[in-house]
Amino acid sequence: PYQYLRLRSSNPYQYLRLRSSNPTNMFWELQITYFSYYFPMLVLLMPANFSEFVTLSFGEHINSDQLVTGLGIAQMTLDCVLGSYMYGFDSVFEAYAGAIVKSPEPRKLGGLMVKVLLQGALAFAVMLGPYLNMVHVVSFFGAGNEEARSVAVLYIRLTCLVPLLFHVQDTLGKYLAVQGYTKTTLVAGFGHLLAHTLLTWLCVDCLQWGVPGIAIATMAGYLVTILGLVLFCVSQQDSLLWEKSLSSDVWRGWGEMIRLGNYSGLRVFASFSLYALSNILCQVGGPITAGSVVVLDKINILFNIFVYTGGSATALIVGNQLGEGDELGVRQAMVVGAVNWAVERLISVLCLVLGGQYLVTLLTPSEVIASEATASYTVIISLYLLFGLDELLAKGILTPFGMQSMIGIITPISIFGVGYPLMFYMVYSTDMAARGIFLCFVVTHALQCITYVMRLCFVNVKQQIQGSMERIERNFDHEKFPCKGNFPEEEDSDFDGIFLDFPSEEKDSGILHKVSIGLGLFSFAVVTIATSFI
């Protein structure tokens, strides 16, 4: 792979001209690359999402409703307080990996992996102390019952390493997937899911260890998978994109990468906090509303995996085109991500419409709760559609463009400024129950989508290509990219915006950036004021 990239980068302009002569071929080439990233990461992410489902399912099978409530609250605490910044640093790898692997120095990918692992471990160490003392936070998250609170606190402390293990597994898996080691990543993902399910059955059903058994099975699944990935990397170290000396790379660019990771982590934290608030406020509506919200959250666990994976795959193919310096390729990569998002959302909606009643019945034995959850399906379908687009825009496109700061600002404003007051209003002033709670998610994600689309209208693709190259050179000690500045003047296009076509000399991207952000903030202010008047 290294020789191929070197050969291709020796005359990038000729390569890009040949490939760009037929956009249809480019589209299908990018589709193949997209799915070569998508399926390995999907299978690798399945254990993280399905393990929560397995955990809650076994908890419901072995004990009382309070145990299930405690496990659900513990998982929400785990994701919101400690996991959010781990997920944020995972997105830093996606922001750089796609461009690096197509750059003239693809072996810098090893340095990126080490830096992301170290920075994630640092974030974990900072958050671990407060996290282990979560009794008051767990009470705030709605575990008013003493039994549920004790279960949640025990599970929190036993599984405190899970976010760090997920971070290590996810980074190693993406490091291999982006290099084309599809089979290895697939085997690791299926192995983790199988190991977790078997260990949960053994520890909970056979040995009857209860909550400690569930925690042991969760931790063991991650450890086995990480051990397998590390052994594979060691056995294939000569063929992997890796440099023997990492000293010059590991300590470069920490400030910028930590800043990007913090912004991404803030975005994830704000999103999780809204789900946490829904778990608190749903209890105001009584056991039926609370039960229906829990059921819909479980369905979220099942379907969100496709949303996250699609965003990651889009980020990598967009990064590939940024690394190649291909302006048309960047636009085509975004089209590929949008087309695949639409197809995946359509399949998800069909599954929810055709199998929704069966899913609800499977997740709760109560006919009243099942009826309430089914009545909320029209809202939850809209939520899936909007959240999928929100994730595609933020994680799949804006993240490889290095716009995490904007994402990290817009998301908290939309959630804390609009989502929180709207959810309080829906719970305390209406009788919409679960439908009102999930309608808040629809509104907040719709506002985010509007702002992201507005920003993308004014993106200068050429500037993003150059900015991506400069970030890699600045943070990884690259030599100058051969394709940087190698494009003849007569081939330059006046088309600078992604959606808006007007001459480049009439556009100041810095001013338009501020205008688009200002319009987004203004829309948030209008909705917030209107909500407060209501």
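This report walks through the cores, one buried helix, the salt bridges and some aromatic rings of a predicted model.

## The nonpolar cores

Let's begin on the inside. The largest nonpolar core takes in 75 residues, and the members that touch the most others are Tyr96, Leu109, Leu112 and Phe401. Helix H3, running over residues 23–62, is the top contributor to this core, with twelve residues. Apart from that core there is another one, made of 37 residues, including Ile369, Val379, Leu383 and Met426. As background, nonpolar side chains in soluble globular proteins tend to be buried together.

## Helix H8, wrapped up by the rest

Next up is helix H8, which covers residues 162–177. How far apart should its ends be? With 16 residues at 1.5 Å a residue, the expected span is 22 Å, and the end C-alpha atoms do sit 22 Å apart, so the two values agree. The rest of the structure largely encloses H8, because 15 of its 16 residues are buried.

One residue to pick out here is Lys174, which has its place in H8. Is Lys174 buried or exposed? Its relative accessibility is 4%, so Lys174 counts as buried. Setting aside neighbours within four places in sequence, Lys174 is in contact with Met41, Asp90, Phe93, Glu94 and Ser312. Glu94 is worth remembering, as Lys174 and Glu94 turn up together again in a network of salt bridges that also links Asp170 and Lys395.

## Salt bridges

How many salt bridges does a search of the whole structure find? The count is six. Here are three of them, with the distance between the N and O atoms that meet.

| Pair | N to O distance |
|---|---|
| Glu94 and Lys395 | 3.7 Å |
| Glu327 and Arg331 | 3.1 Å |
| Arg345 and Glu344 | 2.6 Å |

Take Glu94 and Lys395, which form a salt bridge. Glu94 is in helix H4 (residues 65–101) while Lys395 is in helix H16 (residues 377–398), so their pairing ties together parts that lie 301 residues apart in sequence. Both partners are tucked away: Glu94 counts as buried because its relative accessibility is 0%, and Lys395 counts as buried at 13%.

The pair of Glu327 and Arg331 stays within one helix, H14 (residues 327–363); the two are four residues apart there, so about one helical turn separates them. Glu327 and Arg331 are both buried.

Then there are Arg345 and Glu344, whose side chains meet in a salt bridge. Arg345 has a relative accessibility of 2% and counts as buried. Glu344 comes in at 14%, which is under the 20% cut-off, so Glu344 counts as buried too.

## Aromatic rings in helix H3

Searching the whole structure for aromatic pairs turns up eleven. One of them joins Phe35 and Tyr38: the ring centres are 6.1 Å apart and the planes meet at 80°, so this pair is edge-to-face. Why edge-to-face? An angle over 60 degrees between the planes puts a pair in that class, and 80° is such an angle.

Phe35 and Tyr38 are three residues apart in helix H3, so they are separated by about one helical turn. How do the two compare in exposure? Phe35 is partly exposed, with a relative accessibility of 32%, whereas Tyr38 is buried at 8%. Tyr38 also pairs with Phe39, again edge-to-face, with 5.5 Å from centre to centre and 85° between the planes. Phe39 has a relative accessibility of 42% and counts as partly exposed. Add Tyr34, and you have one aromatic cluster made up of Tyr34, Phe35, Tyr38 and Phe39.

## A last stop at Thr444

Finally, look at Thr444 in helix H18, which spans residues 434–457. How buried is Thr444? Its relative accessible area is 0%, so Thr444 is buried. A polar atom of the Thr444 side chain lies 3.0 Å from the backbone oxygen of Phe441. Not counting residues up to four places away in sequence, Thr444 touches Leu274, Ser414, Ile415, Val418 and Gly419.

How values were computed: Residues are numbered from 1 along each chain as its sequence is written. This is a predicted model: local features need pLDDT of at least 70, side-chain atom pairs count only at pLDDT 80 or more; totals for chains, interfaces and linings use all residues. Side-chain values use heavy atoms; hydrogens and water are left out. A nonpolar core is a set of buried Ala, Val, Leu, Ile, Met, Phe, Trp, Tyr and Cys residues joined through side-chain atoms within 4.5 Å. Buried means under 20% relative accessible area, exposed over 50%, partly exposed in between (1.4 Å probe, protein chains only). The expected span of a helix is 1.5 Å times one less than its number of residues. A polar contact is a pair of N or O atoms within 3.5 Å; within protein, one must be able to donate a hydrogen and the other to accept it, and residues adjacent in sequence count only if both atoms are side-chain atoms. Contact means heavy atoms within 4.5 Å. A salt bridge is a side-chain nitrogen of Lys or Arg within 4 Å of a carboxyl oxygen of Asp or Glu. Rings of Phe, Tyr and Trp (its six-membered ring) pair if their centres lie within 6.5 Å; planes under 30 degrees apart count as stacked, over 60 as edge-to-face and the rest as tilted.
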